[in-house]
Structures are given as structure tokens and as C-alpha cells.
Amino acid sequence: MRIGFGFDAHRLVAGRPLILGGCRIPYDRGLEGYSDGDALAHAVIDAVLGAAALGDCGSRFPAGDPRYAGADSMKLLRQASDLVRQAHFSLNNVDCTIVADQPALAAHLASMRTAVAKTLGIDLARCSVKAKRTEGLGFTGRSEGVAAYVIAALDES
Ligand code: MG
């Protein structure tokens, strides 16, 4: 069995849609980024690639490469999960925590969970998506950005 860890954070800025786990979240700002800024998808990519020691999101899908300008990060997640399977691993489970004081994410957790599980090709029971607040502390507490932490477990197949 292999364990991988992923982290990402993006700044909240005006004039962008807020996309997390491939889901559009209603809010007056969105995540800055070369791609769609989906910090959850990027952290899942880092976790699954990390578990297989296959690099990370930034090395596989570099910012500045026109192929990834405005990219749908869930498509990149699908590519990352394909790479992991090609390396003879199967995905056991992922556990995700999004950190944001604003916007409230509780109403969107089920949609994000379904989207991440579907993109990874795993059962819903093997995919967890949670949200936490930092109660005013730090950049997430000031609603300057959103962070995501993910662990993934792979089995050698
Ligand atoms: Mg990122």
C-alpha cells in the first residue's frame, strides 16, 4: 500500500468563478490561477501522484504551458489517475479537507465528493470531502484564499 499527501492554496480574486472539485460554487470571487484555479483538484492530483512517486501537479501540468491555460483541472485529475493506473496502482481511497472561512461549503460537499469520485473512477464510499474553517485565523480566516489538504491511498495492482 502507498500513501500520498497533497496540498494546495489559491488566492480569492474578483472576476473569476469559484471552482472547487469541478463544481461551481456561488460566490463574489473565485480562485486565481493559470488553470481554473481548482485548489481541491490540484491537491488531489498531488496526493495520488505523490503516493505513486510520479511527480506533482506543477511538474506534470506546468503553469505557463498554453495547453493548461484556463484548464478544467478535473480533466488534469483524470489524466493523473490514468498515470497512476498505468504505473500498476489502483486507487483505494482519498480523504480531502478544504479550508475556507468563506464561502460556506457545506451545501456543496456532496457535489464535490461525487465529482471527485467519478473523476478518479472510485466508489463514493472511497471518497471523502470535508470543509473546515480557521475561525478568522490566517489567510483562509481573512477569506483571502482557499486551501486544500488531501491524502490518498493506493494499492499495488
Ligand atoms: Mg494549484
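Donors are N, O and S atoms within 2.8 Å of the metal (3.2 Å for Na, K and Ca); water is not among the atoms, so sites may look incomplete. The model is predicted: local features need pLDDT of at least 70, side-chain atom pairs count only at pLDDT 80 or more, and totals for chains, interfaces and linings use all residues. Residues are numbered from 1 along each chain as its sequence is written, and side-chain values use heavy atoms, with hydrogens and water left out.

**Exercise 1. Find the protein donors of the magnesium ion and place the two histidines in the chain.**

Step 1. Asp8 (OD), His10 (NE2) and His42 (ND1) are the protein donors, 2.1 to 2.3 Å from the magnesium ion.

Step 2. Their spacing in sequence reads D-x1-H-x31-H.

Step 3. The histidine pair links distant parts of the chain: histidine 10 belongs to strand 1 (residues 2–14) and histidine 42 to helix 1 (residues 39–51), 32 residues apart. Helices (H or I, at least four residues) and strands (E, at least two) are DSSP runs, numbered from the N terminus.

Step 4. Buried means under 20% relative accessible area, exposed over 50%, partly exposed in between (1.4 Å probe, protein chains only). Histidine 10 has a relative accessible area of 14% and is therefore buried; histidine 42, at 8%, is buried too.

**Exercise 2. Compare the span of helix 1 with its expected span, and state how many of its residues are buried.**

Step 1. The expected span of a helix is 1.5 Å times one less than its number of residues. For the 13 residues of helix 1 this gives 18 Å, and the end C-alpha atoms are 18 Å apart, in agreement.

Step 2. Of the 13 residues, 12 are buried, so helix 1 is largely enclosed by the rest of the structure. Among them are Leu40, His42, Val44 and Ile45.

Step 3. After helix 1 comes alanine 53, with a positive phi near 55 degrees.

**Exercise 3. Describe how helix 3 and helix 4 meet.**

Step 1. The axes of helix 3 (residues 73–86) and helix 4 (residues 109–120) come within 8 Å and cross at roughly 40 degrees. Axes are lines fitted to C-alpha atoms, for helices over the stretch in contact, with angles from 0 to 180 degrees between N-to-C directions.

Step 2. The two helices are therefore oblique to each other (under 35 degrees is roughly parallel, over 145 roughly antiparallel, 65 to 115 roughly perpendicular, the rest oblique).

Step 3. Contact means heavy atoms within 4.5 Å. Helix 3 contributes Met74, Leu77, Arg78, Ser81 and Arg85, and helix 4 contributes Ala115, Val116, Lys118, Thr119 and Leu120.
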